[in-house]
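Student: I am new to this structure and would be grateful for a close look at one part of it. Please begin with a single pair of strands and lead on from there.

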Amino acid sequence: MNRLATAVGSVKLKRPGIVASGILDETGPSMARMLSGGAGAVVSKSIGSVAKGGHANPNFIETGCWTMNAMGLPNPGIDAFREEMEVAVAAGKVIGSVYAASPAEFASLAGKMEDYGAAAVELNLSCPHAAGFGMEMGTDPAMVRSIVSETKDAVSIPVWAKLTPNTHILASIGRAVEDGGGDAVVAINTLKAMHIVPEFGKPFLSNRFGGLSGRAIKPVGVRAVFDLRSAVSIPIVGVGGIYGHRDALEYIMAGACAFQVGSAVSEMGPGIFESINAGLKEFMAEFGYKSIKDMEGIAHE
Ligand SMILES: Cc1cc2nc3c(=O)[nH]c(=O)nc-3n(C[C@H](O)[C@H](O)[C@H](O)COP(=O)(O)O)c2cc1C
């Protein structure tokens, strides 16, 4: 029996860990490599309609406690991404992440991801450092609802919406996804943040602010998933600061049916999924849990 099997709605996963968007997933071969390392699926880098350069260096900083980036959604554009998807899809389950500036553009990108063989599409409604995209759209429930419903009308694969923690109306945004017909919510993307170097008297990132990820954001992510569990009845995928099986368990017990790992993969490599899987199996055997489902949301009871 595979105790680690789970499902995000109709997307069945042999293992509950998924590579988060933006982490070693810019090319087909890198996504394929991640899939062979114990992840149940991989989310692609967020892709837009046309090629986009990112923000200038420095755009990334890693400390022991947190990581901050302002990559600015660099990507080759949806048409050029076809061949990367073809390589990745041959190796396993790929969720195609897209970003756009309007509901119609989201719908069109999602249609292409479906054509390329994506198992689901993840709408990036949450990037905190790309003007006109991401979080700027994902904090307006009416906009979120129309993006999700227009995308649902355009594709037959499941539609996941990735949410931002940079709001006090997360529950309303989650409900807007559900009302629009969304199949799952993914929480959380990075927190809008800044790091200043005292010697320079200036912000470190060229973009000045960026998105905080890594160990420091786990309690924020767990709280977000816990709140969403009470607000929506569609599946929840947890993400933010997962480095080991105990972190993953917090998200599952808060209400997630699967989880994504980002910063820890770039710090520790794809082998992290095998070690999380081994830890989960050991914990489940010790505490008598037969499936991920058995543990989902139990912190609410
Ligand atoms: C370098 C970097 C690039 C990222 N790029 C994307 C992206 O393209 N699309 C997206 O939805 N999230 C992106 N993210 C956010 C992650 O997918 C994830 O939601 C966030 O980092 C929190 O998880 P973590 O603490 O495990 O890293 C990026 C994160 C990092 C660190």
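Student: Which residue of β6 stands opposite I61?

Tutor: I61 stands opposite M68 in β6. Residues are numbered from 1 along each chain as its sequence is written. The model is predicted, and local features need pLDDT of at least 70, side-chain atom pairs count only at pLDDT 80 or more, while totals for chains, interfaces and linings use all residues.

Strands are DSSP runs of E with at least two residues, and helices are runs of H or I with at least four, both numbered from the N terminus. Two strands pair if DSSP finds at least two bridges between them; β5 and β6 have three, in the antiparallel sense. They belong to an open sheet of four strands, ordered β5-β6-β14-β11, with antiparallel pairing. Its edge strands, each paired on one side only, are β5 (60–62) and β11 (191–194). From one strand to the next, the twist averages 30°; such angles run from 0 to 180 degrees between N-to-C directions, along lines fitted to C-alpha atoms, for helices over the stretch in contact.

The ligand leads from this sheet to another part of the structure. Of the 27 residues around the ligand (C-beta atom, placed from the backbone, within 6 Å), A20, G22, S213, G262 and S263 come nearest. The elements giving two or more residues to this shell are β6 (67–69) and α9 (263–268).

In the sequence numbering, β16 covers residues 258–261. Both of its faces are covered: A258 and Q260 on one side, F259 and V261 on the other, are all buried, that is, 20 or more other C-beta atoms lie within 10 Å of their own, with C-beta atoms placed from the backbone. Strand β3 (residues 17–19) runs parallel to β16 and is joined to it by three bridges. Across this pair, I18 stands opposite Q260, and V19 has V261 as its bridge partner. Strand β15 (residues 236–239) also pairs with β16 in the parallel sense, over three bridges; here V239 has Q260 as its partner.

These strands take part in a closed barrel of eight, β3-β4-β7-β8-β9-β10-β15-β16, with parallel pairing. The twist in the barrel averages 25° from one strand to the next. Helix α5 (residues 141–154) packs on this sheet, touching β8 (120–124) and β9 (159–163), and its direction makes about 155° with that of β9; contact requires C-beta atoms, placed from the backbone, within 7 Å.

Methods. Buried ≥ 20, exposed ≤ 12 C-beta atoms within 10 Å, placed from the backbone. Contact = placed C-beta atoms within 7 Å.
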